[in-house]
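Hi,

Here's the structure I promised to pass on. Have a look when you get a minute, and then read my notes below it.

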Amino acid sequence: MNKIKLSINIFCLLFVLQSCGRSRDNDSITTSKTIYLSDEDLMDVVQKQTFKYFWDFAEPNSGLARERYHPDGIYPENDAHIVTMGGSGFGLMSIIVGVERGYISRQEAVARLETAFSFLATAERFHGAWPHWLNGETGKVLNFSDKDSGGDIVETAFLCQGIICVREYFKNGNEQEKQVADLADQLWKGVEWDWYTQGKDVIYWHWSPKHTWEMNFPLEGYNECLIPYILGAASPEHAISPEAYHKGWTRNGTFITNDESYGFKHILKYNTNEEHTGPLFWAHYSYAGLSPKGLKDSYADYWELNRNQSQIHHSYCIDNPKHFANYGDSCWGLTASYTRNEDQSIGYNAHHPGGHDTGIISPTAALSSMPYTPEASLKAMHYFYEQVPGLFGEAGFYDAFAPADNWIAKRYLAIDQGPIIVMIENHRTALLWDLFMNAPEIQTGLKNLGFTSPYIK
């Protein structure tokens with residue numbers, strides 16, 4: 001912990017020195033001289049500061065990721081102990097990054113993981129799936145909505161990406177590390193993916209004892225939900241059938257499209273009525289562990305799919321059809337995040353090109369696209385860090401801002417902070433991709449669904 005605090009003090013000093021300066025392109029200008037960090041040094045700063053969200057500001061009893069963190073410490077009732085499953089999956093991955101980059105020791109990581117896995121093992125589960133939210137003090141489900149009071153197979157899938165990465169990272173370690181790996185193995189293998197098909201050829205998102213299947217949300221058509229199908233096909237004891245993927249998720253292949261935006265093909269139909277693409281988290285959440293590099297099936301080249309979506313977002317912000325001030329080559333990125341409501345209060349919106357562009361830029365959108373658009377993402381990182389005073393806080397970049405008038409939502413969301421540290425690391429070293437894709441069950445699942453990948457042996 002002393003290592004982190006010392007480093008953060010250094011980062012804060014650097015930030016003060018460079019908080020006012022000229023942009024790396026002509027998107028905005030100020031009057032004073034700036035000391036710039038190199039690309040590599042800035043990625044170091046951003047990853048290390050973002051890591052604090054999942055280490056310093058984790059929910060204290062469970063050791064897992066809070067749904068949100070307010071630096072002012074002011075939360076709605078009970079909010080400080082809401083644990084999110086998807087964000088916790090990214091948090092588990094960030095702990096691996098923290099070990100590799102020397103932010104924490106292996107021993108510190110193992111101690112935290114023992115706490116987290118013990119909590120998950122005794123927390124409420126619903127046919128093996130965890131809910132969207134848990135109470136970090138009791139392990140009981142917290143309703144995400146009126147009927148969302150049970151298992152959430154999508155959030156569970158995001159969590160299991162992280163669990164599998166932990167298993168692979170520690171499985172050949174010392175005795176204590178092997179025990180953590182064994183706990184991870186038991187946790188992910190207990191998910192009943194096949195239950196969530198209702199015996200049909202598609203996976204359903206939610207089930208609860210009280211409302212059963214009333215929410216009736218099948219995972220079909222392209223969005224962020226590819227990873228439940230990969231994990232479902234990979235499960236040794238609760239596997240889904242390949243037909244669930246081909247008939248359900250792909251809608252018998254009818255989600256292929258020839259549409260394009262700004263000269264970039266969509267490839268698959270995004271599950272939105274807008275003319276462009278969906279929010280950028282669709283290119284991030286399923287691909288924190290699942291490497292899209294060389295990943296193909298009969299429907300898509302997934303590297304091209306995600307790269308094109310990122311390039312469409314970048315091009316859209318340069319085009320700036322709604323004429324928001326300061327959008328441009330270095331200031332771009334739309335995704336689900338905090339937003340500014342008409343009454344100036346803070347709300348939430350799934351921003352994306354078209355009707356859902358409200359003038360709010362979400363740093364996670366461009367930064368988590370680093371593997372796909374490294375030059376444009378690095379420009380955005382420098383712009384956010386050097387040209388937007390107050391945007392970089394104690395756990396990395398705040399969740400959202402309006403570049404037209406420097407309004408900042410000075411809050412954090414786990415589901416947005418996690419992909420920043422994870423996808424930057426995948427760009428730099430492919431660490432999480434290597435761990436997840438080399439898991440033997442994942443390779444089996446990909447083969448079962450007809451995927452090809454350089455990782456498949």
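Below is what turned up, starting with the cores and moving on to the strands.

One thing to keep in mind: this is a predicted model.

The largest nonpolar core has 145 residues. F117 and Y302 have the most contacts inside that core, and helix 5 (residues 153-170) supplies its largest share, with 12 residues. If you want somewhere to start clicking, try Y302: leaving out neighbours within four places in sequence, Y302 touches L226, Y245, L268, Y287, P292, L295, K296, D297 and F451. There's also a second, separate core of seven residues, with Y338, I360, W407 and A409 among them. As a general point, nonpolar side chains tend to be buried together in soluble globular proteins.

Now the strands. Strands 2, 3 and 4 make an open antiparallel sheet, in the order 2-3-4. Strand 2 (82-84) and strand 4 (141-142) sit at the edges, each pairing on one side only. Three bridges link strand 2 to strand 3 (residues 133-135), and T84 is found opposite W133 of strand 3.

Further along, strand 9 (residues 336-340) and strand 10 (residues 346-350) are an antiparallel pair with five bridges, where S337 has N349 as its bridge partner. Five residues lie between these two strands in their hairpin, and Q344 there has a positive phi near 75°. Strand 10 alternates nicely, too: G347 and N349 point to one face and are buried, whereas I346, Y348 and A350 point to the other and are not buried.

Cheers

Definitions and conventions: Residues are numbered from 1 along each chain as its sequence is written. This is a predicted model: local features need pLDDT of at least 70, side-chain atom pairs count only at pLDDT 80 or more; totals for chains, interfaces and linings use all residues. Side-chain values use heavy atoms; hydrogens and water are left out. Two strands pair if DSSP finds at least two bridges between them. Helices (H or I, at least four residues) and strands (E, at least two) are DSSP runs, numbered from the N terminus. A nonpolar core is a set of buried Ala, Val, Leu, Ile, Met, Phe, Trp, Tyr and Cys residues joined through side-chain atoms within 4.5 Å. Buried means under 20% relative accessible area, exposed over 50%, partly exposed in between (1.4 Å probe, protein chains only). Contact means heavy atoms within 4.5 Å.
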